[in-house]
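Q: Can you walk me through this one? I'd like to begin with how the chains meet.
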Amino acid sequence: MKRVVITGQGTVNALGMDVASTLNAMAAGTSGISNLDFENVDRLNIKIGGQIHGFDPDAHFTRQKRGLYDRFTEFGLLAADQAIAQSGLVFEGELAERTGVVMGTAGGGLQTQDENYRAVYEQGKNRVHPFVVPRLMNNAAASHISMVHNLMGPSFAVATACASSNHAMGQAVNLVRAGASPVMIAGGSESMLCFGGIKAWEGLRVMSGDGCRPFCATRNGMVQGEGAAVFVFEEYEHARARGAEILCEISGFAMTSDAGDIVTPNADGAQRAMRQALKNAKLNPDDVGYVNAHGTGTTLNDSVETTAIKRVFGDHAHQLMISSTKSMHGHLIGGTGAVELLACIAALTTGMIAPTIGFTTPDPACDLDYVPNTARDKKIGAAISNAFAFGGLNAVIALRAI
Amino acid sequence: MSDVQSRIIEIIAEQAMLTPADIAPDSTLEDLALDSLALVETIFAIEEGFGITVPFNANNPEDSEIDFTSVASLTKAVEALIKQQSA
């Protein structure tokens, strides 16, 4: 089995329009959560989110291209451009034919659906823009990334709700490990911050109206975010041979299913995913220094996740630094694992351990070290990133310093 | 130049990324390098702009009951549709 390393990363999210600004914001413990701004927001009960304000797509894409792009595609394209530029790879010849792109998303072109349902149902229009279908399809971001960068290998979209981008990146990693592709581009993108998107989530009564405070006794639900992150996953020898700057190694990946409840988190499914990821990475529990938690800020997720971490890590659980960066960028649903991977890579490369902000009061059900409010500077050798989705689908990525 | 024609030229100019001055009545859509997606968008913009339905089948544009060859032929067709559909 081939080894896989990361040679490029890119992002746009509420904390910043690139990796450097995002990591600076995480290091400073900055919140990207603000008042939502879009049509009909006054009819929502939940009015906050990790929205990217002031995003001007016209600065990046021609009007012709924009006709084909939903906001989630635009986010994905910008993140992919950054990642591929950093890697220094140019996709031509055999490399182009073997490289593909796997993107996680839960809602796909939800902005396009929202706008056009409004047009036909509310405004009574009988005609929609001809590109509604190519804009809203879940594979649109993956497809446009493949077209812009000439990626002609295996490309597809993965939809596993809140674990979509971890599942997507895991598929890409496994393709490189198996020798099917020397390089794969993968990550996730989401843009659910529109009236219909938030209204649907309100129905579940799991959203917080005042902030995302994972693992804190005062937590009262999740806060949504939007954006994308994309990475270049490259076979280790391929990266070495061309003298590429290697950020870290993806050493393991595992997926499990709860086969239980459609929405209630399950400690068994979560702990099996973490345990298998460590085994797959040939890591001992005490090799791990940092866990980027799923940490949604709901009462149940955070206590169940704490229980699962304790089962996997035993006594070492109390030595782990655990944080949920959702407290800063919000929950990007299908894109969240990708943005959170940035925090793991930063921990491994620079020793910046991103905090869980908004933390005021310890909860007896969450009694581990959640790196409250202030980032830490500590060099670590290995990290894992958790994603546990609605539907009971879990995906954990293990990373190692190189 | 008729009002319909000047509005069609504006719509095509936007799709073809040209200025209206670059487009003449005898310009063909082929000359203007409008690809199939741009043509579909042009038809949509014409339908929206004139409040009409254009019988256009993207599967087989030649079978549409409209002559898309040039700006002039398109104008003639649109004028006929406006008359027909406002009746």
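A: Sure. About 1,000 Å² is buried between chain B and chain A, and carbon and sulfur atoms give 54% of that area. Keep in mind that this is a predicted model.

Q: Which three residues supply the most of the area that chain B buries against chain A?
A: B:Glu41, B:Phe44 and B:Glu48. Together they supply 49% of what chain B buries there, more than any other three residues.

Q: How many residues does each chain bring to the contact?
A: Chain B brings 12 residues and chain A brings 10 residues.

Q: How many salt bridges does the rule find across the interface?
A: Four, between chain B and chain A. One of them pairs the side chains of A:Arg63 and B:Glu14, at 3.3 Å from N to O.

Q: And how many residue pairs are in polar contact between the two chains?
A: Eight, counting pairs with both residues at pLDDT 80 or more.

Q: Which helices of chain B supply at least two residues each to the side that touches chain A?
A: Helix H1 (3–16) and helix H2 (36–50). H2(B) gives the most, with six residues.

Q: How do the residues on that side of chain B divide by type?
A: Six are nonpolar, two are polar and four are charged.

Q: Switching to chain A. Is strand S14 mostly covered or mostly open?
A: Mostly covered. S14(A) spans residues 393–400, and six of its eight residues are buried.

Q: What does S14(A) pair with?
A: Strand S8 (residues 248–257) of chain A is joined to S14(A) by eight bridges, running antiparallel. Strand S13 (residues 382–389) of chain A also runs antiparallel to S14(A), again with eight bridges.

Q: Which residues sit opposite each other there?
A: On the S8 side, A:Gly252 has A:Ala398 in S14(A) as its bridge partner. On the S13 side, A:Ala389 stands opposite A:Leu393 in S14(A).

Q: What lies between S13(A) and S14(A)?
A: Three residues. The two strands form a hairpin, and A:Gly391 in the turn has a positive phi of about 95°.

Q: Back to chain B. Where is B:Asn57?
A: B:Asn57 is in the loop between H2 and helix H3 (71–86) of chain B.

Q: Why is B:Asn57 classed as partly exposed?
A: Because its relative accessible area is 34%, and the partly exposed class lies between the 20% and 50% cut-offs.

Q: How far is B:Asn57 from B:Val40?
A: Their C-alpha atoms are separated by 9.2 Å, and the two residues are 17 residues apart along the chain.

How values were computed:
Residues numbered from 1 in each chain as written. Chains lettered and ligands numbered in written order. Predicted model: local features only at pLDDT ≥ 70, side-chain atom pairs only at ≥ 80, totals over all residues. Heavy atoms only, no water. Contact = heavy atoms within 4.5 Å. Buried area = accessible area lost by both parts, 1.4 Å probe. Polar contact = N/O pair within 3.5 Å; in protein donor to acceptor, adjacent residues only side chain to side chain. Helix = DSSP H or I, 4+ residues; strand = E, 2+ residues; numbered from the N terminus. Nonpolar A, V, L, I, M, F, W, Y, C, P; charged D, E, K, R; others polar. Buried < 20%, exposed > 50% of the residue type's maximum accessible area, 1.4 Å probe, protein only. Pairing = 2+ DSSP bridges.
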